[in-house]
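User: Got a minute to walk through a fold with me? I'd like the sheet, the core and a few odd spots.

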Amino acid sequence: MSGANDRTGVGSGSAEWGTPPDLFARLNRRFQFTYDAFASHENALCPVYSTVDGTHAPGTELDSRDGLTYPWTGLRVFMNPPYSRDLIAKCVRKAVDERENAQIIVALLPAATETAWFQQLVFPYAHIDWLPRRVRYIDPVTKQPGQSPPSGSVIAVFKATLL
């Protein structure tokens, strides 16, 4: 998963654009997340989280599996995956594949409805909440809201049985 935190095309092109705290707080109140699937040490939002070097949990040794290979069984997953074309498709495929194992998977994704990955993996397998305005991701250097991506975003909920 080398480069899994790459947010190419978002803001300054930094590798680690974080989820806005207010957006995560609203989602977390509703879904009560236990695992942040595609994070960095600086922007992880759950006690258990995966980075490019493995999965981290309090009081345990590093598990060498990253978010794409770590099993999501029984977890309440939040994911703000990398927005580079090849990696986002792999991350969303993981959500589709794990939707029957995890309790719930909630993804903050670009509203890239014209892309193959969105049409093949999001439309058929997720409930989509369209966000009313562009997300201002957290800049990894300043820790302040940065620029918005060039398109809108959605919250995609992957679950074995959609509500």
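Analyst: Here is a quick tour, starting with the sheet; keep in mind that this is a predicted model.

User: What order do the strands take in the sheet?

Analyst: The order is β3-β2-β1-β4-β5-β7-β6. That is seven strands in an open sheet, with mixed pairing.

User: Which strands stand at the edges?

Analyst: β3 and β6. Each has a single partner strand, so one side of each has no neighbour in the sheet.

User: How many bridges join β1 to β2?

Analyst: Two, and these strands run parallel. β1 covers residues 35–36. Aspartate 36 has tyrosine 49 of β2 as its bridge partner.

User: And how many join β2 to β3?

Analyst: Three, with the strands antiparallel. β3 spans residues 54–56. Serine 50 sits opposite threonine 55 of β3. The two strands make a hairpin, with two residues between them.

User: Are the residues of β2 buried or exposed?

Analyst: Buried, on both faces. Val48 and Ser50 are on one side, Tyr49 and Thr51 on the other. As a rule, side chains in a regular strand alternate between the two faces of the sheet.

User: Switching to the core. How many residues does the largest nonpolar one have?

Analyst: It has 44. Trp72, Met79, Val92, Leu109, Trp117, Val122 and Phe158 have the most contacts inside it. Helices α1, α2 and α3 each supply at least two residues, as do strands β4, β5, β6 and β7.

User: Which element gives the most?

Analyst: β5, with six residues.

User: What does valine 92 touch?

Analyst: Met79, Leu109, Trp117, Leu121, Val122 and Phe158. That leaves out residues up to four places away in sequence.

User: Where does α2 lie?

Analyst: Across β4, β5 and β7. α2 runs at about 155° to β5.

User: How many aromatic pairs turn up?

Analyst: A search of the whole structure gives 10. One aromatic cluster is made up of Phe24, Phe31, Phe33 and Phe78.

User: How many disulfides?

Analyst: Zero.

User: Cysteine 46, buried or exposed?

Analyst: Buried, at 7% relative accessible area. The cut-off for buried is under 20%, so cysteine 46 qualifies.

User: And cysteine 91, buried or exposed?

Analyst: Buried as well, with 0% relative accessibility.

User: Last one. Where is proline 71?

Analyst: In the loop between β3 and β4. Proline 71 is partly exposed, with a relative accessible area of 33%.

User: Why does 33% count as partly exposed for proline 71?

Analyst: Because buried needs under 20% and exposed needs over 50%. The 33% of proline 71 falls in between.

User: What does proline 71 touch?

Analyst: Arg65, Lys94 and Glu98, again not counting residues up to four places away in sequence. Proline 71 and glutamate 98 are 27 residues apart along the chain, with 7.8 Å between their C-alpha atoms.

Notes:
Residues are numbered from 1 along each chain as its sequence is written. This is a predicted model: local features need pLDDT of at least 70, side-chain atom pairs count only at pLDDT 80 or more; totals for chains, interfaces and linings use all residues. Side-chain values use heavy atoms; hydrogens and water are left out. Rings of Phe, Tyr and Trp (its six-membered ring) pair if their centres lie within 6.5 Å; planes under 30 degrees apart count as stacked, over 60 as edge-to-face and the rest as tilted. Buried means under 20% relative accessible area, exposed over 50%, partly exposed in between (1.4 Å probe, protein chains only). Helices (H or I, at least four residues) and strands (E, at least two) are DSSP runs, numbered from the N terminus. Two strands pair if DSSP finds at least two bridges between them. A nonpolar core is a set of buried Ala, Val, Leu, Ile, Met, Phe, Trp, Tyr and Cys residues joined through side-chain atoms within 4.5 Å. Contact means heavy atoms within 4.5 Å. A disulfide is a pair of cysteine sulfur atoms within 2.5 Å. Axes are lines fitted to C-alpha atoms, for helices over the stretch in contact, and angles run from 0 to 180 degrees between N-to-C directions.
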